[in-house]
Amino acid sequence: MEKPLKEREGQCSEKVRQRAALLRKDLSRHSYRYYVLDDPEITDAAYDALFRELQELEGRFPELKTQDSPTLRVGAPPLSGFTPVFHRLPMLSLDNAFDEGEFFAFVQRIRKGVAGELLFSVEPKFDGIAVSLRYENGVLTEAATRGDGLVGEGVTENVRTIANLPLRLRVEEPPAVLEVRGEVLMDRKGFKALNLSREKTGEAPFANPRNAASGSLRQLDSRITATRPLRFFAHGMGEVEGLFLSSMAELFAFLRSAGFALSPLAQSAVLPEKVPDIYAEMVERRESLDYEVDGMVIKVENFDLQTRLGMTSRTPRWALAWKFPAMEARTRLERIEVQVGRTGVLTPVAILTPVEVGGVTVSRATLHNMDEILRKDIRIGDQVFIQRAGDVIPKVVKVIEHLRDGSEIVFQMPDHCPVCGSLVVQEEGEVAVRCVSATCPAQLKERIRHFASKPALDMDGMGEKLVAQLVDRGLVKTCADLFYLDVPGLAAMDRMGEKSASNLVKAIHDRKKTSFHRLLYGLGIRHVGVHTAKILGQRFRSFDNLMAADVESLSSVEGVGPVLAEAIRDYFSRSENREALKALFAAGVDVEEGEFQAGGHRPLEGKTFVITGILPVLSRKEAQDLITAAGGRVAGSVSAKTHYVVAGEKAGSKYEKALSLNIPILDESGLRNLVG
Ligand SMILES: NC(=O)c1ccc[n+]([C@@H]2O[C@H](COP(=O)([O-])OP(=O)(O)OC[C@H]3O[C@@H](n4cnc5c(N)ncnc54)[C@H](O)[C@@H]3O)[C@@H](O)[C@H]2O)c1
Ligand SMILES: [Zn+2]
């Protein structure tokens, strides 16, 4: 139960006072690093937690509040190199919510003063840098960052270099004054490329696309900004004269017609009960966007009501940012382990102090290779930012160099295989170091696991631990040995009963009859993925043909480059590999006939498709299968090489890209017609 205020005030001990002072000091420092230097040393989630703690302390003990408390302020004052721009209407921050309960508490607060229906607009929260664009009689005259909310940095020349923003409003009778507010951001691809080139020249990488966008926009030389892949998304307005809009729906429509990019995920006039579902959907689609969003912004639909609700010194009372689970975390890199892959490549892996990222505990991150470690200057003992995206292995984005205390250790790649002890080699022109021993058990385990994996021979039950035992006890020395395993042999393994042993033997036996591409993929030839294996199957149709093919005819196949052709040639030129394949056939492996039977209907041969949005009947996977079965190829992103884009409901940026490149867009029935 809440205690009466008097008593709570009385409890404000020296300890609490000190804590509040410390929080204020820390928050100010982090704000400075984040807003001014674009080089944060803690994650946004960690910052938000400190911010909340201070907010709560100040709420319980109002006497702790100070004029300069970070809880009362927006951003940071502008940097002195820029012309200061005074915002006629302040540019505010947003209140945060972290769960559904906090969202409905916000709805409740607003409901108090409202009779009748309450509606909201929803938009993704773009993780970029806020700017205000001033148009006078339709012409862009001034652009400024948010700064401390009242005074921002004049970045007009820099903003003019952003390609997707109108320098003149595309409306017949432009308003006398219109300030469009929105977010400048950098897409993931541009961010990756920028960091890569910075690491090569020894510059510190940016921690995330937001910091990269901010650092790129806030340049004193606009020629540098012009080289950076920046985009602008509009989401609101400041001062207006000569234009009357009454709702978010009207605002969205007006901004679109005037030539601004808005998120295709924006919706207006939504009932509050619907918001949690839309939130869940946005969380799900977050990864598929080519730029980062860190939450959903919910705004009161009606402008009259917005005005009535007003604002605090820091935030409007009519809007809320419902944050997404963080995908970034900071932790310590404890040590570096070296793993040996199936082609013998030594891969360094970071072992981290376990940390939670987006609801999952992460304790390992890939470091790729020695080049990457050197480029990012990653040392053992460093504090690092890690990032998780979907189900892929987390990666180390950046080291927080100034937190080093001198005890960090520079890592060196071992010159011997950590598993079999043989000398490793680095082939010319290659970054990777590999163990080339033909008998290396680490490689053998990986090769067997790959061979038994789902897209290859798909032997359900052949897991990592079992494979390790089979190899360590000498029962399996080649992939072919798998087909000679018997029930007593398997049942002797740890955690293996008669029953599961006999199931597994049956599963292995069932998999003898397989398809060409599964077997080819299963061999684990470097660079040969599932897709390439399928293409090669279609072209060569048998292992005899494939083994007889020279580099030239291999690389003439669409989708097979010279590197791949070379890898395939190299693989089959080794007698041990040819023997291994023979041994598989001798063990009874059989590639199904009919897979490439002539006369197959292949109307989409040579055509590349991109699928976006939700189709009315087919799932994403079904649509893909339909296309590949008809000889087409499905790519992940739209480019000049795309032949068709198949678009469903809520199609996103891929749809827009297709429009801009004049690529034909099909709906589901259009696709079916094409397939026939
Ligand atoms: N890591 C650090 O050290 C550090 C330091 C300071 C701040 N931060 C981060 O910055 C946040 C505070 O920054 P903030 O004041 O910019 O607040 P905020 O990021 O919580 O949100 C406010 C901003 O969101 C932007 N925005 C994006 N999409 C929008 C949309 N569709 N509609 C309306 N506005 C939209 C607006 O520009 C607005 O100014 C903290 O929550 C923290 O995550 C981190
Ligand atoms: Zn080895």
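Guide: A crossing is left-handed if the near helix is turned anticlockwise from the far one by less than a right angle, and right-handed if clockwise. This is a predicted model, in which local features need pLDDT of at least 70, side-chain atom pairs count only at 80 or more, and totals for chains, interfaces and linings use all residues. Residues are numbered from 1 along each chain as its sequence is written, while chains are lettered from A and ligands numbered from 1 in written order.

Visitor: Is the crossing of H13 and H14 left-handed or right-handed?

Guide: Helix H13 covers residues 441-452 and helix H14 residues 464-472 (DSSP runs of H or I, at least four residues; strands are E, at least two; numbered from the N terminus). Their axes, lines fitted to C-alpha atoms over the stretch in contact, come within 9 Å and cross at roughly 130 degrees, on a scale from 0 to 180 between N-to-C directions. H13 is therefore oblique to H14 (not under 35, over 145 or 65 to 115 degrees), and their crossing is right-handed.

Visitor: In S10, which residue is the bridge partner of Val-122?

Guide: Five strands form an open sheet of mixed pairing (at least two DSSP bridges between strands), ordered S2-S11-S10-S3-S9, with S2 (96-97) and S9 (267-270) at the edges, each pairing on one side only. Strand S3 (120-126) pairs with strand S10 (293-300) in the antiparallel sense over seven bridges. Within S10, the bridge partner of Val-122 is Ile-298.

Visitor: Which element gives the most to the shell around ligand 1?

Guide: At least two residues of that shell come from each of H2 (14-36), H3 (44-60), S3 and S8 (230-241). The most, four residues, come from H2.
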